[in-house]
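User: Hi! Could you walk me through this one? I'd like to start with how the helices and strands sit together.

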Amino acid sequence: MSLKIRGRSLRRTDIKLTLWYILIFLVSSLIICGFLYLRLKHQLIKEVDLLLLDETKELKDFMVRYPNDLKGLKIFEEIEKSKAYYPLYFQIQDLDGEILFISDNFKGARSHGIDNVVVKVKENRVFWEDIYFPDRRRPFRFVASLFHPPAGSPVVIQMGTSLRFVRKSLSNFKSNLLMAIPIMVLLGSLGGWILARRSLSPIGYVVSKTQNITSQNLSERLEPRGTGDEMDDLIQTINGMIARLEGSFKRMAEFTADVSHELKTPLCAMRGEAEVLLSKTRNIEEYQEGLVHFIEQFDHLNRMINDLILLSKSDASQIELKMEPVRLDLLIKEVSGLFQILAGQKGLEWTTETPEEVRVMGDKGLLQQLVTNLMDNAIKYTPKGSIRVSLRKSQEKVFIKIQDTGVGIPREEQGNIFRRFYRVDKSRSRETGGVGLGLNIAEWIVHAHQGRIEVESELNRGSTFTVSLPILKI
């Protein structure tokens, strides 16, 4: 059980963030402390080098004051022996490697490669090196330089001092760092924990609030904190998702209610007609007339069901458009030829105007259904007058315009005509056989082809539907 609790704790985001804070802070502290240690070491060695250069210059001054005399060198040696910190070790040799003077504390270094200093000084004029004495644990820092006295031959001066105090300072600094790093990591861990908890606390609110939102209370929303940060962006995104879900649920409920109503009405009518036919014995002509009416109702239901299937597939993005170049001018002429006959039967004047060849990239079957739905609506709602179908194109788009002189649409209703099952005049729509799906399907087909559909209408003056589609450039 404890292993499960431990594993669950390690999977918590705040624990993970805190562990990452600790790791990053530890690595950063080690890198920074290492850098400071190296910088301090470099600075201390640099100060020792400056000290050795200054002492070498002072020794040269003594040699100038006491030329060809060891007295000045002895005086300089006695002065340096009295120093508690950074005691100096020096020797002087000619260019042949013969020792002219050597301090007492420097004699132990003769067996450690000092004889080749002359060669190195001749190459570089100033030469630095670290020398380890056999009886000393810490190295010594030496500088060798070439000196031309006013009287006499050039000599090589080698000046050095122990790095014991440098190492001691570095050791103390390292000890202080080793004591400071755990404290820094502890404080960083505490700060990381507090920061992780504060950063993730809004997530707890989001989780608890969203858990309480169900299909029964989709109107509820999360309250933004007003900080304008990523968490507010997350809350706004979740609110947008809930709003879309609420809209989908409402449309689904309305769609279900409308479908039930639309299916129930013809079914009840068909049942009533069947009961009337069976209420008494009738002749063959009456039964045939009733069956013909049943077939018409069946056709109406079948068209409505096919439209509903198309819309449900479009909502689920299950329809794959068979995109291909389509001669839109020929398609409109073909469909207009069929509806021109129906218009003639109603006594309507039908005009079709198409320019030269016009091509679009689209699904021919859906484009044909789009034009059919718009022309069918024009005929249904135009008791008398004329219908004009025109096609024109620009450099970027092609425009299909279907204009009628029918009953028109009230201005306040024009924003709703593309909704499913919406009918401006329900009694008139039932007479014409419409269920309010044609324009919704037409709008979906237009949008699927990256186009637009617009309506201009005036009551009792007629309507004009305009469809714009991207033209296919050859």
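User: Which strands does helix α9 lie across?

Analyst: Keep in mind that this is a predicted model. Helix α9, residues 364-380, lies across β7, β9, β10, β11 and β12. Its direction is at about 25° to that of β10.

User: In what order do the strands of that sheet come?

Analyst: The order is β7-β9-β10-β12-β11. These 5 strands make an open sheet with mixed pairing.

User: Which strands stand at the edges?

Analyst: Those are β7 (349-353) and β11 (452-458). Each has a single partner strand, so one side of each is left without a neighbour in the sheet. On average, neighbouring strands here are turned by 10° against each other, ignoring direction.

User: How many bridges join β10 to β12?

Analyst: There are 7 bridges between them, and the two strands run antiparallel. Strand β10 covers residues 397-404, while β12 covers residues 462-470. To find a spot to look at, try Ile400 in your viewer: Val467 in β12 stands opposite Ile400.

User: Nice. Which residues touch the most other members of the largest nonpolar core?

Analyst: Leu374 and Met375 do, in a core of 46 residues. Helix α9 gives the largest share of this core, with 8 residues.

User: What does Met375 touch, leaving out residues up to four places away in sequence?

Analyst: Met375 touches Ile332, Val335, Ser336, Phe339, Trp350, Val389 and Ile402.

User: How many residues are in the other core?

Analyst: That one has 21 residues and lies apart from the largest core. Among its members are Leu88, Phe90, Leu163 and Leu170.

User: Let's switch to rings. How many aromatic pairs does the structure hold?

Analyst: It holds 4. Take Tyr89 and Phe140 as one example: their ring centres are 5.0 Å apart and their planes are at 90°, so the pair is edge-to-face. Tyr89 sits in strand β1 (residues 88-94) and Phe140 in strand β4 (residues 140-147), so to speak two distant parts of the chain, 51 residues apart.User: Are Tyr89 and Phe140 buried or exposed?

Analyst: Both Tyr89 and Phe140 are buried.

User: And what kind of pair do Phe90 and Phe101 make?

Analyst: Their ring centres are 5.6 Å apart with the planes at 20°, so this pair is stacked. Phe90 belongs to strand β1 and Phe101 to strand β2 (residues 99-102), with their positions 11 residues apart in the chain. Phe90 is buried, at a relative accessible area of 1%, and Phe101 is buried too, at 7%.

User: Which residues do ring pairs link into a cluster?

Analyst: The cluster consists of Phe62, Phe76, Phe90 and Phe101. One of these, Phe62, has Arg65 lying over its face, at 4.5 Å from the ring centre. Elsewhere, Arg392 lies over the face of Phe399, again at 4.5 Å from the ring centre.

User: Last topic, the backbone. What is phi of Gln450 near?

Analyst: Phi of Gln450 is near 60°, a positive value in a residue other than glycine. For background, most residues other than glycine have a negative phi. Gln450 is in the loop between α11 (438-448) and β11. Gln450 counts as exposed because its relative accessibility is 65%.

User: Where is Asn460?

Analyst: Asn460 is in the loop between β11 and β12. Its phi is positive as well, near 65°. Asn460 has 61% relative accessibility, so Asn460 counts as exposed.

How values were computed
Residues are numbered from 1 along each chain as its sequence is written. This is a predicted model: local features need pLDDT of at least 70, side-chain atom pairs count only at pLDDT 80 or more; totals for chains, interfaces and linings use all residues. Side-chain values use heavy atoms; hydrogens and water are left out. Two strands pair if DSSP finds at least two bridges between them. Helices (H or I, at least four residues) and strands (E, at least two) are DSSP runs, numbered from the N terminus. Axes are lines fitted to C-alpha atoms, for helices over the stretch in contact, and angles run from 0 to 180 degrees between N-to-C directions. Contact means heavy atoms within 4.5 Å. Buried means under 20% relative accessible area, exposed over 50%, partly exposed in between (1.4 Å probe, protein chains only). Rings of Phe, Tyr and Trp (its six-membered ring) pair if their centres lie within 6.5 Å; planes under 30 degrees apart count as stacked, over 60 as edge-to-face and the rest as tilted. A charge sits over a ring if NZ of Lys or CZ of Arg is within 6 Å of the ring centre and within 35 degrees of the ring normal. A nonpolar core is a set of buried Ala, Val, Leu, Ile, Met, Phe, Trp, Tyr and Cys residues joined through side-chain atoms within 4.5 Å.
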